[in-house]
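Let's take a walk through this one together, a couple of spots at a time. Have the viewer open and follow along.

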Amino acid sequence: MARWHRHSRSQNPKRPYGDGNAPLPYPTGWFMLAPSRDVRPGAVLTLRLMGEDVVVYRTQSGRLNVVRPYCPHLGTHLGCGGWVDGENIVCPFHRFAFDLDGAVARVGPGYTGQPVRDKLLLLPSEEVNGGIYVWVGADAGEAPHWRIPPVLEATGMKFARIQVGTHPQEISENGVDLRHQQALHAFAEAECVGEPVLDRHRYSYTMHLTQATPFGRVLAEGAISFYGLGFYHLVFRVPQYRLQHDIAVGIRALAPWQSEMLVGTRVTVDAARPPLSRLPRTVTDALSEAASGLGLASAKRLLTQDVPIWHGKRYINPPRIARGDGPIGGFRKWAEQFYPAQGSPGPEAMETGCRD
């Protein structure tokens, strides 16, 4: 496998859609910009989202905001020298300060009155599952139709970034491609348990993965849920080692057929039964911390194996499904709702699952 990766890099295959004409547009939904811990109070961060910049900042009290980068006065990019002053973000050019609603809170030196009435363009955002997410709708200013629920405790999460030349749907679809788990990732067995469950913006199913180790075969009971095409949560339970491995993957498009994955993991050790129950809590916490580091390395290693495949493959539609592939066709049908031009569920369907 290592030789194959080196060979792939030396060949440097041309990206299939590097010259444009990508077959899938940008999807709508929630997309992870950064781990919450990466944006401390007072921080101003510029990130790429679907071919444009966004500016993420956190006020001194800890409130988060995501805006389009340009000052409505004369177009200064707030990510190029802008700073947080209390609860405002300040333009570096004329020192106009904008509040959390995007309105002018204070004019710059030498100005009187309020010469700028236009606001910064805010993007709907929220923090959940240890990450900062932004909503991208079909129309500018569109309010979110649904929310990503809090599905895991962010304490102890460790994150890694992986950039790849592909589309968010290709990354998500990888999660339902069972056979590649054996062919590429060398699992001994990979089986879907029951039928996938589709609940509007959520797609979930369970699977069993068996891995051969020097100590025998290890069974991992997996449950995966996709929330749109920008986030999925995978839970592996390994009963014989009393471990639960949570993997959260946030995906966002940087540019056409260019994406970034933010991979967060946490491993928890079941210390409720002997012999671990006899150990002090500090010891079992240390075991979980060490296991989480190993879990992140393992998740990153597996996903990195997919990178050269994603980088060079073409999107085949309709897919030529072979027996045993997994529910790829059904997943693609579900994913159509996130491309409004191709049809989307009505407002009533989209409202289900909203949180206040």
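Start with two aromatic residues: Tyr133 is buried, and Phe231 is buried as well. Keep in mind that this is a predicted model. How do the two rings sit relative to each other? Their centres are 5.7 Å apart and their planes meet at 85 degrees, so Tyr133 and Phe231 make an edge-to-face pair. Now look at where they come from: Tyr133 is in strand E10 (residues 131-136) and Phe231 is in strand E15 (residues 231-238), so this pair ties together parts that are 98 residues apart in sequence.

Next up is Tyr203 with Phe226, another edge-to-face aromatic pair, at 6.1 Å centre to centre with 65 degrees between the planes. Tyr203 belongs to strand E13 (residues 202-213) and Phe226 to strand E14 (residues 216-227), so here the parts tied together are 23 residues apart in sequence. Buried means under 20% relative accessible area; Tyr203 has 1% relative accessibility, so it counts as buried, and Phe226, at 0%, does too.

Tyr203 and Phe226 also have company: they belong to one aromatic cluster along with Trp30, Trp135, Trp146, Tyr232, Phe331, Trp334 and Phe338.

Now for a change of scene, find His94 in the loop between strand E6 (88-90) and strand E7 (97-98). Is His94 buried or exposed? At 19% relative accessibility, it counts as buried. Its side chain makes a polar contact with the side chain of His73, at 3.4 Å. Setting aside neighbours within four places in sequence, His94 touches His73, Leu74, Gly108, Pro109 and Tyr111.

Notes:
Residues numbered from 1 in each chain as written. Predicted model: local features only at pLDDT ≥ 70, side-chain atom pairs only at ≥ 80, totals over all residues. Heavy atoms only, no water. Helix = DSSP H or I, 4+ residues; strand = E, 2+ residues; numbered from the N terminus. Buried < 20%, exposed > 50% of the residue type's maximum accessible area, 1.4 Å probe, protein only. Polar contact = N/O pair within 3.5 Å; in protein donor to acceptor, adjacent residues only side chain to side chain. Contact = heavy atoms within 4.5 Å. Phe/Tyr/Trp six-rings, centres within 6.5 Å; stacked < 30°, edge-to-face > 60°.
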